[in-house]
Amino acid sequence: MNLLPILRVDPADMPDRAIVCGDPFRAAAIAAKLTDAVELAHAREYRTFVGTYEGVRLAVVSHGVGSPGAAVCFEELAKAGVKTIIRVGTAGSLSPEHKTGSLIISTAAVREEGLTKQLVPIAFPAVADSAVTEALYQAALESGAPGSIGKGVTLTMDAFFSGVVELPHETYRRAGVLAVEMEIAALYVVAMLRGMRAGAILALDGDSTAVDEGYDPHRDIVGEAVEAEIRAALLAMARL
Ligand SMILES: O=P(O)(O)O[C@H]1O[C@H](CO)[C@@H](O)[C@H]1O
Ligand SMILES: O=c1cc[nH]c(=O)[nH]1
């Protein structure tokens, strides 16, 4: 039995599709919706479950916060033979049209993180798979989310709270970017380099420009949106 060195999972136990999320507790909550769910490993921030949804075998894996750690997870999933990945995340809104409780399907990510520049030149785009994106969008419309449903470009950052340098959120908001989070660019770049198809759905947990004043992803409306995006991701995965 050759375990993956960081996820500590035997590749032979992995299905060919995975739902990923930052929070290990969210991974457990998603796995609770599967039949016959089993936790294969919990190493560092990475919890790996496998189970079945609507007859489809899938893994649920947490990747932690930030692109470098998440990319390690995505690389090991590729080595295990995973071919389809959906990220189920939270994000801050950059769009006045999409408020807290809304869901955003990420069609592409702005590569403002540092990790992917070490993998491929910055001119290379971080783009979602079109079939995964369409399946997620249709499922999101059926998900009963407490807010609106949007589809468009998202921003991936390393910094969450600001320091003394101004963060580029306003520039990207003016360019039509819908939301900011911390891992999708890594997911899309690793997926493209390793021959996987990937997509992402995000529950908006507040106004991205207000995180320095007060960040509260634990409100009921955010919990409802996360439940809705989980329903959408499972439905999309079963349809793909
Ligand atoms: O809710 P998750 O999936 O962790 O995603 C978002 O939340 C974290 C920040 O609180 C970052 O990981 C960001 O990308
Ligand atoms: O990166 C993130 C994630 C959630 N909410 C934010 O404002 N930013």
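## Two ligand shells and the strands behind them

The largest share of the shell around ligand 2, 3 residues, comes from β5. That makes β5 a handy place to start reading this predicted model.

**The ligand 2 site**

Around ligand 2 you'll find Thr90, Ala91, Gly92, Phe160, Val180, Glu181, Met182, Asp205, Gly206, Ser208 and Val211. Sorted by character, that shell has 5 nonpolar, 4 polar and 2 charged residues. At least two shell residues each come from β5, β9 (179–181) and β10 (197–207).

**β5 and its partners**

How many of the 10 residues of β5 are buried? The count is 10 of the 10, so the strand is largely enclosed by the rest of the structure. As for pairing, β5 and β10 run parallel and are joined by 9 bridges, with valine 88 standing opposite isoleucine 201 in β10. β1 also pairs with β5 in the parallel sense, over 4 bridges; here isoleucine 19 faces isoleucine 86 in β5. β9 is antiparallel to β5, with 2 bridges between them, and glycine 92 sits opposite valine 180 in β9. Glycine 92 and valine 180 both turn up again in the shell around ligand 2.

Here are the strand pairs side by side, with β2 and β3 included; that pair comes up again further down.

| Strand pair | Sense | Bridges | Residues standing opposite |
|---|---|---|---|
| β5 and β10 | parallel | 9 bridges | valine 88 and isoleucine 201 |
| β1 and β5 | parallel | 4 bridges | isoleucine 19 and isoleucine 86 |
| β5 and β9 | antiparallel | 2 bridges | glycine 92 and valine 180 |
| β2 and β3 | antiparallel | 6 bridges | threonine 35 and threonine 52 |

**The ligand 1 site and Val65**

Now for the other ligand. Cys21, Gly22, Asp23, Val65, Gly89, Thr90, Phe160, Glu181, Met182 and Glu183 surround ligand 1. By character, this shell holds 4 nonpolar, 3 polar and 3 charged residues. Thr90, Phe160, Glu181 and Met182 belong to this shell and also to the one around ligand 2.

One of the ligand 1 residues, valine 65, is worth a look. Its place is in the loop between β4 and α2. Is valine 65 buried or partly exposed? Valine 65 counts as partly exposed because it has 13 C-beta neighbours inside 10 Å, and a residue needs 20 or more to be called buried. Setting aside neighbours within four places in sequence, valine 65 is in contact with Gly22 and Met182, and both of those contacts are in the ligand 1 shell as well. Glutamate 142 is another matter: 77 residues from valine 65 along the chain, with 28 Å between the two C-alpha atoms.

**Helix α2**

After that loop comes α2, residues 67–79. At 1.5 Å a residue, its 13 residues should span 18 Å, and the end C-alpha atoms are 18 Å apart, so the two agree. Its buried residues are Ser67, Ala70, Ala71, Val72, Cys73, Phe74, Glu76 and Leu77. An α-helix has 3.6 residues a turn, so residues three or four places apart point the same way. Spacings of that kind appear in the list, including Ser67 with Ala70 and Ala71, and Cys73 with Glu76 and Leu77. What do these buried residues pack against? The partners are β1 (17–21), β3 (46–53), β4 (56–62), β5 (84–93), β8 (149–156) and α5 (184–194). Just after α2, glycine 81 takes a positive phi of about 95°.

**The β2–β3 hairpin**

β2 (residues 35–43) and β3 make a hairpin with 2 residues between them. Arginine 44, in the turn, has a positive phi of about 50°. Most residues other than glycine have a negative phi. Aspartate 36 is a further non-glycine with a positive phi, about 55°, and it is found in strand β2. Aspartate 36 is exposed because just 8 other C-beta atoms lie within 10 Å, whereas arginine 44, with 14 such neighbours, counts as partly exposed.

**The whole chain**

Stepping back, the protein chain comes to 6 helices and 10 strands. Of its 240 residues, 50% count as buried. The C-alpha trace spans about 50 × 40 × 30 Å along its principal axes. A compact globule with 240 residues would have a radius of gyration near 18 Å, and the chain's 16 Å agrees with that. Among contacts with a separation of 6 or more, 79% are between residues 24 or more positions apart.

Definitions and conventions: Residues are numbered from 1 along each chain as its sequence is written. Chains are lettered from A and ligands numbered from 1 in the order in which they are written. This is a predicted model: local features need pLDDT of at least 70, side-chain atom pairs count only at pLDDT 80 or more; totals for chains, interfaces and linings use all residues. A residue is near a molecule or strand if its C-beta atom, placed from the backbone, lies within 6 Å of it. Ala, Val, Leu, Ile, Met, Phe, Trp, Tyr, Cys and Pro count as nonpolar, Asp, Glu, Lys and Arg as charged, and the others, Gly among them, as polar. The radius of gyration is taken over C-alpha atoms; the globule rule is 2.2 Å times the number of residues to the power 0.38. A residue is buried if 20 or more other C-beta atoms lie within 10 Å of its own, exposed if 12 or fewer, and partly exposed in between; C-beta atoms are placed from the backbone. Two residues are in contact if their C-beta atoms, placed from the backbone, lie within 7 Å. The expected span of a helix is 1.5 Å times one less than its number of residues. Two strands pair if DSSP finds at least two bridges between them.
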